[in-house]
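Subject: Structure for you to look at, with notes

Dear colleague,

Here is the structure I promised to pass on to you. Please open it beside this message, since the notes below follow it from place to place.

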Amino acid sequence: MAQMMRRDVGELLVQGKVITQEQLAQAREASQKSGVPVEDVLEQQYQVDGYKILQARAYQHNMRAVDLSKTAPEPSAINLVPAAVAQRHKVVPVTRLTQNGQDVLVVALADPSNVMAIDDVQAACRLKIQPVLASAFQVDEAIKKNYGEASATNGASASAPAKAEGPSIGLAGINSLVNDYGGAEVDTTEAADNDETVQGPIIRIAHAVVQEAVKAGASDIHIEPGARHVRIRYRIDGVLNEVMQLPKHIHPPLVSRFKIMGEMNIAERRVPQDGRIGINYQGKDYDLRVSCLPTLNGEKIVMRILDKGSVMIGLNRLGFFPDTMSQLERLVMQPNGMFLVTGPTGAGKTTTLYSALHRINSVERNIMTVEDPVEYQLPGVSQVAVNRKAGLTFATALRSFMRQDPDIIMVGEIRDLETAEMAIQASLTGHLVLSTLHTNDAPSSVTRLVDMGVEPFLVSATLIGALAQRLGRRVCDNCKEQYEADPADLLELGYKHEGSGMVTLTRGRGCETCNHKGYKGRIGIYELMLTDEEVSELIVRRAPVNELRRAAMAIGMKTLKEDGLRKVLAGITTIEEIQRVVFTAGH
């Protein structure tokens with residue numbers, strides 16, 4: 001299983017008495033204002049020894065730090081790794097040694113999350129790799145010194161993404177790798193020890209599958225075994241697209257490759273497993289949440305691609321109209337109460353909550369989150385991952401939070417009565433609680449809590465607002481065109497047409513940029529319900545959802561259909577897309 005996240009660098013430095021808690025708080029505030037990483041602020045403004053920061057980073061990732069100014073790379077180690085590989089991944093071989101009768105190459109790198117770098121070095125030298133952490137400056141200097149200025153300069157000048165982050169061969173290039181691999185079935189039960197099943201072509205196939213998904217802007221990768229083939233599908237802008245089929249014999253070693261990268265047990269094929277892979281591509285960090293599920297035809301792998309930078313985009317870029325945006329900002333600035341974000345899986349609820357936390361995060365507030373799992377790391381926020389095997393659930397974490405002097409609490413999801421009651425108790429005692437629910441619309445969040453067993457008067461006393469959301473595809477900016485539509489086409493969305501003419505709307509013709517889909521990127525569709533005295537009274541009376549909806553609309557709530565209609569009329573998306581993501585049978 002993937003390792004649990006350790007404390008952040010700042011907390012480790014406080015624990016080691018390198019800095020004080022006050023200095024860390026000041027550094028975090030300066031980092032938030034300037035956009036400069038906390039580690040750089042500590043080194044530049046507080047003169048913290050850079051090597052101590054490096055040691056803390058290494059400890060975070062279960063690695064050892066190395067000072068390359070004192071530990072010179074050995075020529076025999078340098079000769080094992082080609083200059084192109086070293087420059088491409090910013091790594092430098094340090095020494096070759098023997099551990100437990102096995103040859104090991106110690107390799108220094110600046111980015112501990114770059115799994116692909118370790119894979120490519122291992123494929124190049126055919127030795128087991130022991131990564132150690134070094135500063136980016138020392139790695140660059142060591143590459144120049146040991147491989148020559150020309151090598152470093154040529155590598156640095158290459159602008160193509162493939163040069164920057166490893167060999168990108170494209171989907172077409174995978175076929176040649178499949179041919180290189182051959183057709184023999186391989187027993188993967190020993191792969192954890194000798195890695196025989198994942199050498200050469202299989203490593204590159206696995207990397208290409210991930211890289212092409214990132215380049216395509218996919219949110220998920222599906223590797224699905226069939227009777228004769230392995231189907232690869234990417235979920236792009238919420239819709240699954242089949243990108244290629246691989247021969248059946250590729251399936252076992254490919255699954256083993258991803259299970260090894262995700263730190264899962266490759267010898268266990270009978271039960272579901274979960275893992276995590278960290279990669280760096282084109283200068284950006286990504287987390288891959290890996291799920292492995294046994295099926296009749298073999299193990300199916302699904303990888304959710306999480307862009308660590310996406311949660312920092314801010315609420316103002318999520319697709320809110322100004323009136324909804326101002327209401328939402330007022331809600332999340334409240335000192336106490338409970339605010340819920342609802343919608344199906346994949347609707348962007350977590351991104352909305354993280355963007356809200358980023359908006360209200362400051363040195364004056366103690367923000368704590370409990371999640372399953374922690375999807376992104378937020379600077380200055382104490383984040384806890386659920387661990388049911390150890391007895392750490394949402395509810396038990398919330399109990400502990402109350403003794404940690406929190407101001408704002410984020411609960412990944414309210415799934416049961418115990419968690420709901422703890423969240424409500426926290427909001428009643430003066431805290432702002434943010435969480436998610438699975439409901440179709442905003443008013444239904446009230447019914448969902450009551451159905452769980454929460455007393456209506458407690459819901460009425462704590463709920464300050466609920467936001468329902470969906471993600472719809474945007475019309476491609478590169479090929480969008482206007483057309484005249486019949487107003488009758490918009491009646492289902494609640495459009496009231498004045499006059500007898502046609503309505504001017506926007507659609508995408510289809511081009512290379514959007515892969516001839518007519519859509520590129522996604523936009524949020526929102527329904528924000530606020531609570532006033534009338535809504536609170538209806539909650540206490542256990543009023544039906546329809547009554548709650550009418551009361552919320554009376555004080556300004558725009559329904560999902562209405563918000564979708566506004567975005568259709570604004571030329572952002574299409575009627576068909578709103579119908580696809582918003583309409584539910586019976587509503």
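I begin at the loop between β11 (367–371) and β12 (382–385), which is where Pro373 lies. The peptide bond that joins Asp372 to Pro373 is cis, with omega at about -10°. Please keep in mind throughout that this is a predicted model, and that every value I quote is computed from it.

As for the whole, the protein has 24 helices and 18 strands, and 49% of its 587 residues count as buried. Among contacts with a separation of 6 or more, 65% are between residues 24 or more positions apart.

Backbone details

Two residues other than glycine have a positive phi that you may wish to inspect. Lys17, in the loop between α1 (9–15) and α2 (21–34), has a phi near 60°, and with a relative accessibility of 76% this residue counts as exposed. Arg126, which is placed in the loop between α7 (115–125) and β3 (128–133), likewise has a phi near 60°, and Arg126 is exposed at a relative accessible area of 54%.

Helix pairs

The axes of helix α3 (residues 38–45) and helix α4 (residues 50–60) come within 10 Å and cross at roughly 160°; an angle over 145 degrees counts as roughly antiparallel, and α3 and α4 are therefore described in that way. Their crossing is right-handed. On the α3 side the contact is made by Glu39, Leu42 and Glu43, and on the α4 side by Gly50, Ile53 and Arg57, a set that divides into two nonpolar, one polar and three charged residues.

Further along the chain, helix α21 (residues 533–540) packs with helix α22 (residues 545–554) at an angle of about 170°, their axes being 9 Å apart, so that α21 and α22 are also roughly antiparallel to each other. Here Glu534, Val535, Leu538 and Ile539 of α21 meet Glu547, Leu548, Ala551 and Ala552 of α22, and the contact of α21 with α22 comprises six nonpolar residues, no polar ones and two charged ones.

Salt bridges

Which charged side chains pair up, and how far apart in the sequence do they lie? Searching the whole structure gives 27 salt bridges, of which I describe a few.

One of them is between the side chains of Glu224 and Lys300, at 3.1 Å from N to O. Glu224 belongs to strand β4 (residues 218–225) and Lys300 to strand β9 (residues 298–307), so this pair ties together parts of the chain that are 76 residues apart in sequence. Glu224 is buried, with a relative accessible area of 10%, whereas Lys300 counts as partly exposed at 22%.

Another joins Asp287 and Arg276, whose closest N and O atoms are 3.4 Å apart. This pair links strand β8 (residues 284–295), which holds Asp287, with strand β7 (residues 273–281), which holds Arg276, the two residues being 11 positions apart. Asp287 counts as buried, at 11% relative accessibility.

A third example lies within one helix: the side chains of Arg580 and Glu577 meet at 2.5 Å, N to O, and both residues are in helix α24 (residues 575–582), three residues apart, or about one turn of the helix. Arg580 is partly exposed at 39% relative accessibility, while Glu577 is buried at 1%. Elsewhere, salt bridges with shared partners join Glu224, Arg231, Arg233, Glu242 and Lys300 into one network.

Helix α23 and its surroundings

In helix α23 (residues 560–569) the buried residues are Leu560, Asp563, Gly564, Leu565, Lys567 and Val568. The elements that cover them include β15 (463–475), β17 (503–508), β18 (519–530) and α24. Just after α23, Gly571 takes a positive phi of about 80°.

The loop between β17 and β18 contains Glu512, which is exposed with a relative accessible area of 67%. Although Glu512 and Asn478 are 34 residues apart in sequence, their C-alpha atoms are 9.1 Å apart in space.

With best wishes

Conventions. Residues numbered from 1 in each chain as written. Predicted model: local features only at pLDDT ≥ 70, side-chain atom pairs only at ≥ 80, totals over all residues. Heavy atoms only, no water. Axes fitted to C-alpha atoms, helices over the stretch in contact; angles between N-to-C directions. Helix = DSSP H or I, 4+ residues; strand = E, 2+ residues; numbered from the N terminus. Parallel < 35°, antiparallel > 145°, perpendicular 65-115°, else oblique. Left-handed = near helix turned anticlockwise from the far one by under 90°. Contact = heavy atoms within 4.5 Å. Nonpolar A, V, L, I, M, F, W, Y, C, P; charged D, E, K, R; others polar. Salt bridge = Lys/Arg side-chain N within 4 Å of Asp/Glu carboxyl O. Buried < 20%, exposed > 50% of the residue type's maximum accessible area, 1.4 Å probe, protein only.
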